[in-house]
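These are my notebook entries on strand pairing, backbone geometry and surface exposure. I recorded each item as I looked it up.

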Amino acid sequence: LLQASMGRAEGAAVHDRRQNVNASDPRGQMHSEPSSSPSVSSKAASSLGAYEDAMLTPSSARATNHALVDTLAPRMWCVACLAGLAYIAPLLIFCSLTLSAMSGLYLRGREPSRTTSTRESRRAVIVTGGKMTKALEVCRALKAQGCRVVLLETSKYWMVASRFSRNIDRFAIVPIPEQDPKAYLAAVKRIVEEESAVAFVPVCSPVASQYDALVANVLPSTCLSWSLEASAVRKLDDKVTFAQMAKEAGLPMPETLRMRSRDAVLEFNRKLTAEGTQARFVLKSLAYDSMHRLDMFTLPRPEEDVLAYTAGLNITESNPWLVQEMLSGVEHSSCALVRDGRVLAFCDNEASISCFNYTYAGVPAIRAWVSEFCRHYALSGVVCIDFFVTDDGVVKAIECNPRFSSNIMEFHRNRGELGRVLLSPDTVPASEGPVLPRPNAAEVNWLLTDLYYEVAKPAAIHAASCRWWRLPKYTATLFSILLFKKDAYFDPHDPLPFLALYLLHLPVLLARTLYNGNRWAKIDLCIGKMTEEFGD
């Protein structure tokens, strides 16, 4: 029910965007009706890094009853999701507590060891991004080293599931950095001083990465920051600049060009059409855009389609988009912890544009690409680079995100090794290679997401309705999800975050959207928030 609402809401959003444009005039120009939606707040528009909330402008051609449907539909889907969560809550509670009790009996005395020396146990580490699953994984890795773990989040996400983890010693609320950067930096500095923290580990969202990079300027010399320098964050977050940096380092990249206006997009589309090229290019926002990032709008195509799609987009000098050559092959994501250009920990996985399953892939060519890039620019921090392994076996990067990737959860079998790198990177011998996930580590998933995608497949629905003899196959698949995959939140030694995700975290998100009526595309269990209008 959760995921079903995602698709319906996302489909409605795309439909509304396309309906924003009416018929063209005789000169071939498209007319957009004025928006009745409020504009983006001045605070968001002026935030560091020029991240802006996506706008979905409803067409005035929609009748009043359509406007009423637009207002009620997001709220009705919220009600449906809340009802679904209430329905399955008793089952979730019973199963998780039963599994925890059984695991406790079976694993008594076999609980993963932790470093408990007096020296290590005094070390405090500050971790940000409490709403995201990857922050919980980082906290568990640090706790495996005996650290005192302090988790930070903003007031909007006071109810995050991770705060209930036994691996969190303190949960603290901090100001929203894009709204009040100075207050955010002051709050982090105060907490670091209170805890005598030895490390600051930012597990941040795209909009917060610039602010977390600035934290290093207020930290005492005894506290290590795992953020890249602010200048490096700005360069790597810019996909066009990153492409230029990769080419300067002699590494393969697809053609990537900046688009500073709607007219520039139209002109590029005309150029491709005139050349008759077989290559296709993806049009996407340079800044993180939660509502448009899944569109995958490609060029060349008929000009009227480009006019219709771009009519509601804000493509300007201060908010540029890009076109990037579309590659054919298998998409991968990578994440590396780097110190002075040396990769200390590395993981990668086959990926998708919205990934909810993580299995360590271990592609040597991807690790070599990342290692050479980081060495060339002597980077220190966290570097996440997305790739395509093309059909002819060439590895090409498509973008860089200078922050943790969710594939860090692939370390769930050897968290202690990851924690050692995070806590004491300078003590890792130069003769050692990077810490890698265990090859036999189970695939990481989010249980309800996987179950939905399995039972909602058209083939599964068809089998249930008229081909009953295929039901055993699908039943076996469902059991394999339950038995052989690792839920990202559930841990038999730490069951409360799993329960809090479905009993508190998600219900509060849905209740908030029910109240404000924002249109939304999906509930993202991975990053712990709603993908919605005016979202963060």
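Entry 1. I began at the hairpin formed by strand 13 and strand 14, where four residues lie between the strands and Gly-393 adopts a positive phi near 90°. I note that the model is a predicted one.

Entry 2. I next examined how the two strands of this hairpin pair. Strand 13 and strand 14 (residues 395–401) run antiparallel and are joined by six bridges. As a single example of the register, I recorded Asp-386, whose bridge partner in strand 14 is Glu-399.

Entry 3. I then looked for pairing between strand 13 and strand 10. Strand 10 (residues 329–339) pairs with strand 13 in the antiparallel sense, over ten bridges. Here I noted Val-330, which stands opposite Val-389 of strand 13. Strand 13 is thus recorded in my notes with two antiparallel partners, strand 10 and strand 14.

Entry 4. Is strand 13 buried or exposed? I found that ten of the ten residues of strand 13 (residues 381–390) are buried, so the strand is largely enclosed by the rest of the structure.

Entry 5. I turned to the loop that precedes this strand. Ala-378 is located between helix 12 (364–377) and strand 13. Its phi is near 50°, a positive value in a residue other than glycine. For context, I wrote down that most residues other than glycine have a negative phi.

Entry 6. I looked up Asp-340 as well. This residue is in the loop between strand 10 and strand 11 (342–350). Asp-340 is not a glycine, yet it has a positive phi of about 50°. I also checked its exposure: Asp-340 has 62% relative accessibility and therefore counts as exposed, the cut-off for that class being over 50%.

Entry 7. Which peptide bond did I record as cis? The bond from Leu-299 to Pro-300 is cis, and its omega is near 0°. I placed Pro-300 in the loop between strand 8 (297–299) and helix 11 (303–310). In general, most peptide bonds are trans.

Entry 8. I closed with the surface. Phe-479, Leu-482, Leu-483 and Phe-484 make a nonpolar surface patch of about 470 Å². I followed one of these residues further: Leu-483 belongs to helix 16 (residues 471–484). With 61% relative accessibility, Leu-483 counts as exposed, because the value is over 50%.

Technical notes. Residues are numbered from 1 along each chain as its sequence is written. This is a predicted model: local features need pLDDT of at least 70, side-chain atom pairs count only at pLDDT 80 or more; totals for chains, interfaces and linings use all residues. Side-chain values use heavy atoms; hydrogens and water are left out. Buried means under 20% relative accessible area, exposed over 50%, partly exposed in between (1.4 Å probe, protein chains only). Two strands pair if DSSP finds at least two bridges between them. Patches are made of residues with over 30% relative accessible area and no salt bridge: like charges are joined within 9 Å, nonpolar side chains (Val, Leu, Ile, Met, Phe, Trp, Tyr) within 5 Å. Accessible areas come from the Shrake-Rupley method with a 1.4 Å probe; for residues, only the protein chains shown count as cover. A salt bridge is a side-chain nitrogen of Lys or Arg within 4 Å of a carboxyl oxygen of Asp or Glu.
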